[in-house]
Amino acid sequence: MVKRINIALQGGGAHGAFTWGVLDRILEEESIEIAAISGTSAGALNGAALKAGIVHGGRQGARDLLAKVWAEVGALDTTAFPDWFQKWFPDPGAVSKGIEYSWSYMWADSVSRMVSPYAWGPLYKNPLQKIIQGLDFDKVCAEHGPEFFVGATLVRTGKVRVFEGDQITCDAIMASACLPTLYQAVEMEDPVTGVMEAFWDGGYTGNPPLFPFFKDSLPDDVVVVNINPFLREKVPVTPPEIQNRINEISFNASLLRELRAIEFVQRLLHSGVLREGSMKDVRVHMIGDDTLMNALSVATKVVAVPSLLVQLKEAGRRAAGAFLAEHFDAIGSRQTLDLRAMFD
């Protein structure tokens, strides 16, 4: 029996390599069909590669395209941070600290807080553009294969905008991954209003958006791939720690709001206050590795160290394998993420 799921892919820069590993492992399971994908930022890039790969070459096509995309991410110009970390500091936490306290990262981080990306003039360049342009958007937007949704933030209104179908262009994915301190806003026609709008990273308003999964035609099971830890026991005290925690909280806020809304509807449905079938009774599952992500920081989101990308991929495969081993039977029958405990 094939079990159908929706998969929600969080944004988190280079930490999206963890999601690559999760998808790589799930694609090995012939008994799981991905019916729909929602992605933001790195999640949108992963989702586009997943969709285009499936349309082109099935499961193996998706695995191959995801590997190609992340090889290209790892090949971005990182001459300021040479990949010697794996040899000398194989621990991901040590890699993260090494980047955080390197002069080149501190200089670049300081510049990003003082200099607008609009100040660079003709020197401005978004390094992700070439990678995204390399995707086949006829396949990304194909009517067959999983439904695909991309979240971005409207700068003018501060609201989420979800792109789907042939609305998903290179600009839409660029918008979804547009951190405003690093990149100029992506200006494009809003597919809903037809008005030219500026867009920023979708992580501020939907990381990733879950509400597109509430369609009756889609399955009830939503698997969230979480790469921004909800919990950090230690109070951040250094400037990098404080900035990192601010980043995590802001990029989890929209997801937590949607999960809280789902939990509220579940209580109303299960208590009989709402009639069964009047609203979607979503079952939520989550794949993550908070221990690993607690060892990392915003520095390793921004700097794509190739050796760390491989470690993140393998961690994602392990996390997905553990989830499938423990919760495969629950898919289609019961929720495995305790939302009530999360919000009590």
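Helices here are DSSP runs of H or I with at least four residues, strands are E runs of at least two, and both are numbered from the N terminus.

**View 1. The whole chain, helices and strands together.** By that rule the chain holds 13 helices and eight strands. This is a predicted model, in which local features need pLDDT of at least 70, side-chain atom pairs count only at pLDDT 80 or more, and totals for chains, interfaces and linings use all residues. Residues are numbered from 1 along each chain as its sequence is written, and side-chain values use heavy atoms, without hydrogens and water.

**View 2. Inside and outside of the fold.** Of the 344 residues, 52% are buried (under 20% relative accessible area, 1.4 Å probe, protein chains only). Contacts (heavy atoms within 4.5 Å) with a separation of 6 or more come to 78% from residues 24 or more positions apart.

**View 3. A closer look at the second largest pocket.** Welcome to a space of about 260 Å³. Its lining has 16 residues, and Lys97, Arg232, Glu241, Asn244 and Asn294 are the closest to the centre. A pocket is an open set of points on a 1 Å grid over the protein atoms alone, where a 1.4 Å probe fits, with protein on both sides within 12 Å along at least five of seven lines; lining residues have an atom within 4 Å of a point. The volume is the space filled by probe spheres set on the points, which are joined across faces, edges and corners.

**View 4. Who supplies the pocket wall?** Helix H4 (92-100), helix H9 (239-270) and helix H10 (290-295) each give at least two residues to the lining of the second largest pocket.

Definitions and conventions
Buried means under 20% relative accessible area, exposed over 50%, partly exposed in between (1.4 Å probe, protein chains only).
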